[in-house]
Amino acid sequence: MHYRAVESTGEYLARLETGADWRAEIEDLAREVDAEAGWFNAMGAVQDAEVWFYDQDDTEYRSVTFDEPLEVAACVGNVARLDDDVFAHTHAVLSRESGQALAGHLDSATVFAGEVYLRTFAEPLVREHDAATDLDLWL
């Protein structure tokens, strides 16, 4: 296990713009408040979504696209530096009208309505390649 203490530098609430990309809006918020590290929670609705699942055997993401309106029942993630830019690692539980849940790494989605809480930290988190998982992880 790797860990370290973090010092909170701010808390922000934001409303995402209709028609914008969900994850890009969170990354834009982080840039706007000059945050290179943070944790967020969000909820709302999207018009479509691309969700990724990481295949641990093949060490690559598998993409599934949903071209339909979905509720964002829960969205959680962190903000870190990746390749000299801000990256929002975003996981979400989405639901269909039937109540069926879909979940995974939310790569992209078109915002219908969204609300985000972002808590920022003083020390940047920097993602680097981890040989054991073949993922870009922080710490």
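# Questions on a predicted model

Student: Thr 59 lies in the loop between β2 and β3, and I would like to know at what relative accessibility Thr 59 counts as partly exposed; what is the value?

Tutor: This is a predicted model in which residues are numbered from 1 along each chain as its sequence is written, local features need pLDDT of at least 70, side-chain atom pairs count only at pLDDT 80 or more, and totals for chains, interfaces and linings use all residues. Side-chain values use heavy atoms, with hydrogens and water left out. Buried means under 20% relative accessible area, exposed means over 50%, and partly exposed is in between, using a 1.4 Å probe and protein chains only. Thr 59 therefore counts as partly exposed, and its relative accessibility is 31%.

Student: What is the phi of Thr 59, which is not a glycine?

Tutor: Most residues other than glycine have a negative phi. Strands such as β2 and β3 are DSSP runs of E with at least two residues, while helices are runs of H or I with at least four, and both are numbered from the N terminus. β2 and β3 form a hairpin with four residues between them, and Thr 59 sits in the turn. Although Thr 59 is not a glycine, its phi is positive, at about 50°.

Student: How many bridges join β2 to strand β3?

Tutor: Two strands pair if DSSP finds at least two bridges between them. β2 and β3, the latter spanning residues 60-66, run antiparallel, and one bridge in β3 makes Val 64 the partner of Val 51. The number of bridges joining β2 to β3 is seven.

Student: Which class of aromatic pair do Trp 52 and Tyr 61 form?

Tutor: Rings of Phe, Tyr and Trp (its six-membered ring) pair if their centres lie within 6.5 Å, and planes under 30 degrees apart count as stacked, over 60 as edge-to-face and the rest as tilted. A search of the whole structure finds two aromatic pairs, and ring pairs link Trp 52, Tyr 54 and Tyr 61 into a cluster. Trp 52 is partly exposed at 25%, as is Tyr 61 at 33%. With 4.9 Å centre to centre and 40° between the planes, the pair of Trp 52 and Tyr 61 is tilted.

Student: Turning to the largest nonpolar core, which element supplies the largest share of it?

Tutor: A nonpolar core is a set of buried Ala, Val, Leu, Ile, Met, Phe, Trp, Tyr and Cys residues joined through side-chain atoms within 4.5 Å. The largest one has 27 residues, and those with the most contacts inside it are Trp 22, Phe 40, Ala 49, Leu 94 and Leu 106. At least two residues come from each of β1 (8-16), α1 (22-32), β2 (38-55), β4 (70-82), β5 (85-95) and β6 (101-121). The largest share, six residues, comes from β6.

Student: Which residue caps the N-terminal end of α1?

Tutor: The buried residues of α1 include Trp 22, Ile 26 and Leu 29, and what covers the buried residues includes β1, β2, β4, β5 and β6. At the N-terminal end, a side-chain oxygen lies 3.3 Å from the backbone nitrogen of Arg 23, and the capping residue that provides this oxygen is Asp 21.

Student: Is Asp 34 buried or exposed?

Tutor: Asp 34 lies in the loop between α1 and β2, and just after α1 this residue takes a positive phi of about 60°. With a relative accessible area of 68%, Asp 34 is exposed.

Methods:
Contact = heavy atoms within 4.5 Å. Polar contact = N/O pair within 3.5 Å; in protein donor to acceptor, adjacent residues only side chain to side chain.
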